[in-house]
Amino acid sequence: MTFSRTAGSARLLSLIVATVLAGGCARDAGPEAAAAPTVEGATIRFAADSPQLRVLRSETVTDGSASVLQLPARVTWDDTRSSMLRSPLRGQIARIEAAPGEKIKAGQVLAWVTSPEFGQVQAEGARGAAELRQARNELARVRELHEAGVASGRELGEAESALAASEAEHARLQALTRGFGSRRGIDQRMPLRSPIDGILVERRMSPGMSVSADAEVPLAVVSDPDRLWLIIDVPEALASRLTPGLKVRVAPGTGEPTQGVLGHVDDYIDTERHVVQARAELDNRERRFKAGQYVRAEITVPMDGGVSVPEGAVLLLGREQVVFVDEGNGQFARRTVQAEELGQGRLWVGQGLPAGARVVVDGGLLLQQVLDQNVGTADRSAATAAAGRGAP
């Protein structure tokens with residue numbers, strides 16, 4: 001897990017400069033200089049007049065038993081009530097029959113597409129019908145000849161097999177033509193029909209426009225705008241805490257928020273964005289939301305106790321996450337924690353920080369530098385002592 005730093009390089013530089021200046025003043029000012037901090041293990045104690053205290057700022061942790069997440073989300077059409085229409089074959093829009101906002105019935109033609117490929121399908125259908133008629137006539141002729149003793153049983157069987165094959169091919173071509181929504185003759189005019197009842201909420205076509213089956217954007221969308229989906233991007237670290245049934249609040253930008261219920265959480269992670277998508281239904285009978293709209297979703301997630309801390313309070317030292325606890329009277333103690341991202345600049349810490357604790361949110365790098373310097377001084381003192389013992 002990575003944590004953003006609200007301070008950044010500029011703050012780090014200013015803290016280091018402050019530390020150096022404070023140390024220089026302590027060396028040069030003589031007996032009037034502030035006393036250097038004392039270090040015992042992972043605890044640092046500053047004198048009351050220490051200049052380092054001016055760059056340290058602490059905040060009290062907040063209750064983490066229930067965290068309110070502010071997550072990015074977008075409004076989409078309800079897939080179970082929507083149809084995205086594309087042309088199944090290449091062609092050109094010849095005529096448009098429906099306007100946006102119009103109520104649509106299942107099977108209604110929204111547009112006509114002129115398609116040579118569809119004309120070929122129509123031609124094959126006509127050929128199949130002609131071959132079927134010919135096979136029927138041939139079977140009738142052979143059957144008469146067989147009854148008269150002129151045609152053999154083998155010839156009769158071949159005629160029956162030819163009829164069965166023609167019937168199968170004719171049925172296939174008829175189903176193909178019906179699948180494209182037309183039973184007309186050979187006119188190359190393919191209808192674009194809506195498979196569902198609804199409202200034409202999107203229309204992205206114009207007469208003469210070239211169309212194909214592999215187009216990314218649908219030519220038309222028929223849907224029910226009274227019910228929409230809210231697709232929420234959940235950080236993978238929090239995905240396990242979201243379950244269907246949680247309440248979701250979302251505002252369209254202005255006005256009172258609308259409340260929905262989380263209906264589904266995906267069982268897989270988007271490996272590119274490291275998020276899990278969750279879905280809630282929105283009642284949109286008042287038309288407060290629009291498909292494609294980006295919003296912020298608010299979800300109250302129950303946590304296993306713990307506390308919530310500002311993101312800047314947690315330092316990442318290698319693979320270890322630490323915070324500095326302000327114990328009062330200029331004393332600060334470093335503690336190792338396990339933090340999880342909550343969003344909106346907050347982290348959740350399950351153990352190690354009691355309610356009411358104060359953590360350093362500005363100046364943690366300075367405190368870590370004091371600890372590092374103390375370790376270096378102790379190492380040099382030990383090396384000097386060892387060299388002294390070995391001297392003749």
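**Group meeting: a buried glycine, a closed barrel and two cores**

I begin with a single residue, Gly-363, which sits in the loop between strand 25 (358-362) and helix 4 (364-389). Please bear in mind throughout that the model is predicted. Is Gly-363 buried or exposed? Its relative accessibility is 4%, and since the limit for a buried residue is under 20%, Gly-363 counts as buried. Gly-363 also has a distant partner in sequence: Arg-54 is 309 residues away along the chain, yet the two C-alpha atoms are 9.3 Å apart in space.

Helix 4, on the other side of that loop, contains Gln-368. This residue is buried as well, with a relative accessible area of 9%. When neighbours within four places in sequence are set aside, Gln-368 is in contact with Leu-317, Phe-324 and Arg-334.

Let me now step back to the whole chain. There are four helices and 25 strands. The chain has 392 residues, of which 37% count as buried. Of the contacts between residues at least 6 apart in sequence, 74% join residues at least 24 apart.

I turn to the barrel. Six strands form a closed barrel in the order 5-14-17-16-15-18, and the pairing is antiparallel. On average, neighbouring strands of this sheet are turned by 40° against each other, direction ignored. As a general reminder, strands of a sheet pair through backbone hydrogen bonds, in either the parallel or the antiparallel sense. For strand 5 and strand 14 the sense is antiparallel, and five bridges connect them. Within strand 14, Leu-228 is the residue that stands opposite Trp-77.

Which residues touch the most other members of the largest nonpolar core? That core holds 30 residues, and the answer is Leu-230, Ile-232, Leu-242, Val-248, Leu-262 and Ile-299. At least two residues of this core come from each of strand 5 (66-77), strand 14 (227-235), strand 15 (247-250), strand 16 (258-265), strand 17 (275-283) and strand 18 (294-302). Strand 5 gives the most, with five residues.

Ile-232 deserves a separate word. Not counting residues up to four places away in sequence, Ile-232 touches Leu-71, Pro-72, Ala-73, Val-248, Leu-262, Val-276, Gln-277, Ala-278, Ala-297 and Ile-299. One of these, Pro-72, lies in strand 5. Pro-72 is partly exposed, at a relative accessible area of 38%. With the same exclusion of sequence neighbours, Pro-72 touches Ile-231, Ile-232, Asp-233, Val-295 and Arg-296. The C-alpha atom of Pro-72 is also separated by 9.0 Å from that of Glu-298, although these residues are 226 places apart along the chain.

There is a second, separate core, of 19 residues, including Leu-89, Ile-104, Leu-200 and Ala-220.

The next sheet is an open one. Its four strands follow the order 6-13-11-8 and pair in the antiparallel sense. Why do two of these strands have one side without a neighbour in the sheet? Strand 6 (83-85) and strand 8 (103-104) stand at the edges and have a single partner strand each, so one side of each remains unpaired in the sheet. Strand 11 (residues 198-203) and strand 13 (residues 220-223) run antiparallel and are joined by four bridges. Here Glu-202 stands opposite Val-221 of strand 13.

Strand 19 (residues 307-310) offers another case. In general, the side chains of a regular strand alternate between the two faces of the sheet. Both faces of strand 19 are covered, with Val-307 and Val-309 buried on one side and Ser-308 and Pro-310 buried on the other. Strand 4 (residues 62-63) pairs with strand 19 in the antiparallel sense over two bridges, and Thr-62 has Ser-308 as its bridge partner. Strand 24 (residues 346-349) also runs antiparallel to strand 19, joined to it by four bridges. In that pairing, Pro-310 stands opposite Arg-346.

Finally, the helices. How do helix 2 and helix 3 lie relative to each other? The axes of helix 2 (residues 116-147) and helix 3 (residues 153-179) come within 8 Å and cross at roughly 160°. Angles over 145 degrees count as roughly antiparallel, and the two helices are therefore roughly antiparallel to each other. The crossing of helix 2 past helix 3 is left-handed.

Key:
Residues numbered from 1 in each chain as written. Predicted model: local features only at pLDDT ≥ 70, side-chain atom pairs only at ≥ 80, totals over all residues. Heavy atoms only, no water. Pairing = 2+ DSSP bridges. Core = buried A, V, L, I, M, F, W, Y, C linked by side-chain atoms within 4.5 Å. Buried < 20%, exposed > 50% of the residue type's maximum accessible area, 1.4 Å probe, protein only. Contact = heavy atoms within 4.5 Å. Axes fitted to C-alpha atoms, helices over the stretch in contact; angles between N-to-C directions. Parallel < 35°, antiparallel > 145°, perpendicular 65-115°, else oblique. Left-handed = near helix turned anticlockwise from the far one by under 90°.
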